[in-house]
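Subject: Structure for you to look at

Hello,

Here is the structure I promised to pass on. Open it first, then read my notes beside it.

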Amino acid sequence: MCYQTGKGFFHGRQGTPQDDQNSARSRTLCLGTARSHASERANRPIKVVVPFPPGGPTERLGAVLGQPIVIENRGGAGGGIGGKFVAESNPDGYTVLMTPGGALTTGPAVNPNIGYDPVKAFTSIGQLIETPTIFTVDPNLPVTSMAQVVSYAKANPGKLKWGSQGFSTAPHLLAEMFKLETGVNIIHVPYRGTGPLLNAILAGEVQIIADPSTTSLPYIQAGKLRPIAIASNVRDPKLPNVPTVVEAGFPKLQSPFWLAVVAPAATPRDIIIKLNSAFRDALAAPQTRARLDTLGAEVKIGTPEDLDKMLTRERAQWTALVKAANIQAE
């Protein structure tokens, strides 16, 4: 099997949020493929399943990378629906899962009955990007720091609404960690992906969120969201005056947003290596890196083994939190 990459990797437009999280929506993007020994399949595209509705950071990555794969959104169950679909797909290299932690770490940690064992169901291709997670608030909320959020929440128990991209996503678990660390009484409000979440905070339905730079930065720059902390130990160059959670006194809230690609477990090793190389070549394009940089995203592609190690660390981290906070699957 031969994977060819040209000037870019994905091509398409950013999707709009859909209310039905279980719907599958396809759009044509592109990873050039060819089989010299099977001409009838030479132009067969690769299906990249995104386990969340359109409109989120994964979609944004697809919009800035540039040639023909098929992106199929299969949202629901914190990434579990799309994850299960790929886990049960033919391991031939033509169906892969592009996902943040929901389908691989946080979702299975919260729901052991998600429908698959992420360790046994997938084989790693590689991490793609990493971008800061930014804690932001509604500008009408009278707080400018994490400490002030704690004070406000304690003075107004049960009134502060913390929105997330969905139950069992990393931002949801950050809210639970915040509650565990501070003892505050806040309300978690899950939405069906990033698009609906951003619409909700802009409409005043929730007052605080944790969201990747790739999707929240434009609203911050427009003054529609107020950043109060970066979920990292390093400040974001695009928001140099915003402190990190470590500086703010909440080191356990470090959680950068990342995207990774995995394939069904039985996918042959040579195909995995070729897919990793194809993603690596695509992300190496200067114009692609420049466009990702404007969104605050850093290329982080490594080896499949690098991704294995990162997933192992994250599974341990989130499993411990779920146990400590006694989080139950819905």
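Start with helix α11, residues 304-325. The helix has 22 residues, and at 1.5 Å a residue it should span 32 Å. Its end C-alpha atoms are 31 Å apart, which agrees. Please keep in mind throughout that this is a predicted model.

Which residues of α11 are buried? They are Pro304, Leu307, Met310, Leu311, Glu314, Arg315, Trp318, Leu321 and Val322. These residues cover an arc of only 140° around the axis, which puts them on the same side of α11. Turn to the other side of the helix and you find exposed residues: Lys309, Thr312, Arg313, Lys323 and Ala324.

What covers the buried residues of α11? The cover includes four helices and two strands to look up: α3 (106-110), α4 (118-121), α6 (170-182) and α9 (269-284), with β7 (122-131) and β13 (257-264).

Now step off the end of the helix. Asn326 comes just after α11 and takes a positive phi of about 55°. Asn326 is not a glycine. Is Asn326 buried or exposed? Its relative accessibility is 54%, so Asn326 counts as exposed.

Ser168 also deserves a look. Its phi is near 80°, a positive value, and Ser168 is a residue other than glycine. You will find Ser168 in the loop between β9 and α6. Ser168 is buried, with a relative accessible area of 5%.

Next, the aromatic rings. A pair of aromatic rings is described by the distance of the centres and the angle of the planes. How many aromatic pairs are there? The count comes to four.

Take Phe135 and Trp162, which form an edge-to-face pair. Their centres are 5.9 Å apart, with 80° between the planes. Phe135 lies in strand β8 (residues 133-137) and Trp162 in strand β9 (residues 161-164), so the pair ties together parts that are 27 residues apart in sequence. Phe135 and Trp162 are both buried.

Then take Phe178 and Phe250. Their ring centres are 5.9 Å apart and their planes are at 40°, so this pair is tilted. The pair links distant parts of the chain, 72 residues apart. Phe178 is in helix α6, while Phe250 is in the loop between β12 (226-230) and β13. Phe178 is buried, with a relative accessible area of 0%. Phe250 is buried too, at 14%.

Do not treat these two pairs separately. Phe135, Trp162, Phe178 and Phe250 form one aromatic cluster.

Another ring to check is that of Phe85. Arg74 lies over the face of Phe85, at 3.8 Å from the ring centre.

Now move to Gln207. Where does Gln207 lie? Its place is in the loop between α7 (194-202) and β11 (208-212). Gln207 is buried, with a relative accessible area of 16%. A polar atom of the Gln207 side chain lies 2.8 Å from the backbone nitrogen of Lys161. What else is Gln207 in contact with, leaving aside its neighbours within four places in sequence? Besides Lys161, the list holds Thr136, Val137, Asp138, Leu141, Lys159, Leu160 and Ile201.

Thr215 gives you another side chain to inspect. Thr215 is found in helix α8 (residues 213-221). At 2% relative accessibility, Thr215 counts as buried. The Thr215 side chain makes a polar contact with the side chain of Asp211, at 2.6 Å.

Last, a glycine. Gly76 is in the loop between β5 (70-74) and α2 (80-87). Its relative accessibility is 6%, so Gly76 counts as buried. How far is Gly76 from Gly193? In sequence they are 117 residues apart, and in space 8.8 Å, C-alpha to C-alpha.

If you want a route through the model, begin with α11 and its buried side. Go on to the cluster of Phe135, Trp162, Phe178 and Phe250. Finish with Gln207 and its contact with Lys161.

Best wishes

Definitions and conventions
Residues numbered from 1 in each chain as written. Predicted model: local features only at pLDDT ≥ 70, side-chain atom pairs only at ≥ 80, totals over all residues. Heavy atoms only, no water. Buried < 20%, exposed > 50% of the residue type's maximum accessible area, 1.4 Å probe, protein only. Polar contact = N/O pair within 3.5 Å; in protein donor to acceptor, adjacent residues only side chain to side chain. Contact = heavy atoms within 4.5 Å. Expected span 1.5 Å × (residues − 1). Arc of directions from axis to C-beta. Phe/Tyr/Trp six-rings, centres within 6.5 Å; stacked < 30°, edge-to-face > 60°. Lys NZ or Arg CZ within 6 Å of the ring centre and 35° of its normal.
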